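Reader: Could you take me through one part of this model up close? Pick a single residue to start from, then work outwards so I can see how it sits in the rest.

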Amino acid sequence: MSTPLDGLLDLLDLERIEQDIFRGLSRSAVVPRVFGGQVAAQALVAAGRTVPEDRTAHSLHAYFLRMGDPGAPIVYTVDRIRDGRSFTTRRVVAVQHGQPIFHLSASFQTYEEGLEHQAEMPSAPDPETLPTAAEILPRDLDPEVAQRLLEARAAVDLRYAEAPPWSTAGQPREPRSQVWFRTNGKLDGAIDEPLLHVCLATYVSDMTLLDSVLLAHGRGGWAVGDVVGASLDHAMWFHRPFRADEWLLYDQESPSASGGRGLGQARIYTQDGRLAITVIQEGVVRVPRL
């Protein structure tokens, strides 16, 4: 029987239509546009499929240019910018209806030994003690909205360490947020490769990063309609190996909001305390005009 995770893996299994050209499909999101994390993950898949297997992704930098149409395929064109001794660079443009909707640059590196240090993992509750999305969403949101969110995130087990923004709308809080996440199912067999884990983490990274912006202003967010917004740009650095099907702590904060934009920055840790990923994202965050 197919699972939501199978559906997500199918989305990430792009069709190769030319040597460096790929085609991907979309699925419905909470809002009537393509989910940004999906486009970023698919673009990274496209880039990774043109890179030697011994080189793993260590960073990506991306811009969201236009809203994606979930009813139309997305074509990803890969430009082989550089193949060096240690590093490989790729540029990917995602196109729909003849126009670019997303641009990504990604860098890959062969493994090498080097200096080691990292920021210490912050304290966080055990993810197994936290309520699931299926337990908190119907309790806090309109049933129709809750169902759309549950369907959109069904492939991921995502658990908030504290109340999500929509639960405390109207009550400004410290601009910090923690969630634990992992895929709703194990990855094994031929698909269990480092690139897939990196792409799945990229997919999830766009789900909650701007929550901390909302918390600072007591806004409930997209789920309750007291702000409108969209991702503008997204950057990730992959420091150490990790598995997307094991618990990862997404420790997020917002250092600034101004000019109709909000900035989120975060670190993602494995459950045993290794710093796996750093993420920074800026998005449009606007209060609707009455």
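Author: Let's start with threonine 270 and what it touches: once you set aside neighbours within four places in sequence, its contacts are Met121, Pro241, Phe242, Trp247, Leu248 and Ala276. Bear in mind that this is a predicted model. Threonine 270 belongs to strand S11, which covers residues 261-270. Is it buried or exposed? Its relative accessible area is 5%, and since anything under 20% counts as buried, threonine 270 is buried.

One of those contacts, Leu248, leads us over to strand S10, residues 248-258. Go along S10 to serine 258 and the setting changes: with a relative accessible area of 42%, serine 258 is partly exposed. Here's a spacing worth having on screen: serine 258 and arginine 274 are 16 residues apart along the chain, and their C-alpha atoms are separated by 33 Å.

Now for a pair with a long stretch of sequence between them. Leucine 195 and valine 45 are 150 residues apart in sequence, yet from C-alpha to C-alpha they are 7.4 Å apart in space. Leucine 195 sits in helix H5, residues 194-208. If you ignore residues up to four places away in sequence, leucine 195 touches Leu44, Val45, Gly48, Arg49 and Phe108. At 19% relative accessible area, leucine 195 is buried; the cut-off for that is under 20%.

H5 turns up again if you move to helix H4, residues 143-152, where Val145, Ala146, Leu149 and Ala152 are buried. Looking down the axis of H4, you'd find its buried residues within an arc of 130°, so they line one face of the helix. And what covers them? The cover includes H5 as well as helix H3, residues 133-140. Flip to the face of H4 turned away from the buried side and you meet Pro143, Glu144 and Glu151, which are exposed.

For a bit of backbone, have a look at the loop between strand S5 (87-96) and strand S6 (99-110), where you'll find histidine 97. Histidine 97 isn't a glycine, but its phi is positive, at about 50°. For context, most residues other than glycine have a negative phi. The relative accessible area of histidine 97 is 63%, so it is exposed. S6 links back to leucine 195, too: Phe108 is among the residues that leucine 195 touches, and strand S6 runs over 99-110.

Zooming out, the protein has six helices and 12 strands. Its radius of gyration is 18 Å, close to the 19 Å that the globule rule gives for 290 residues, so the protein is as compact as a globular protein of that length. Along the principal axes, the C-alpha atoms fill a box of roughly 55 × 45 × 45 Å. Of the 290 residues, 48% count as buried, threonine 270 and leucine 195 among them. Taking contacts between residues at least 6 apart in sequence, 72% join residues at least 24 apart.

As for the surface, the protein exposes about 14,200 Å², with 51% of that supplied by carbon and sulfur atoms. On the charge side, there are 28 positive and 38 negative side chains, and the centres of the two sets lie 6 Å apart.

Conventions: Residues numbered from 1 in each chain as written. Predicted model: local features only at pLDDT ≥ 70, side-chain atom pairs only at ≥ 80, totals over all residues. Heavy atoms only, no water. Helix = DSSP H or I, 4+ residues; strand = E, 2+ residues; numbered from the N terminus. Rg over C-alpha atoms; globule rule 2.2 N^0.38 Å. Buried < 20%, exposed > 50% of the residue type's maximum accessible area, 1.4 Å probe, protein only. Contact = heavy atoms within 4.5 Å. Areas by Shrake-Rupley, 256 points an atom, 1.4 Å probe, with all protein chains shown as cover. Lys, Arg positive; Asp, Glu negative; His and termini not counted. Charge placed at Lys NZ, Arg CZ, Asp CG, Glu CD. Arc of directions from axis to C-beta.
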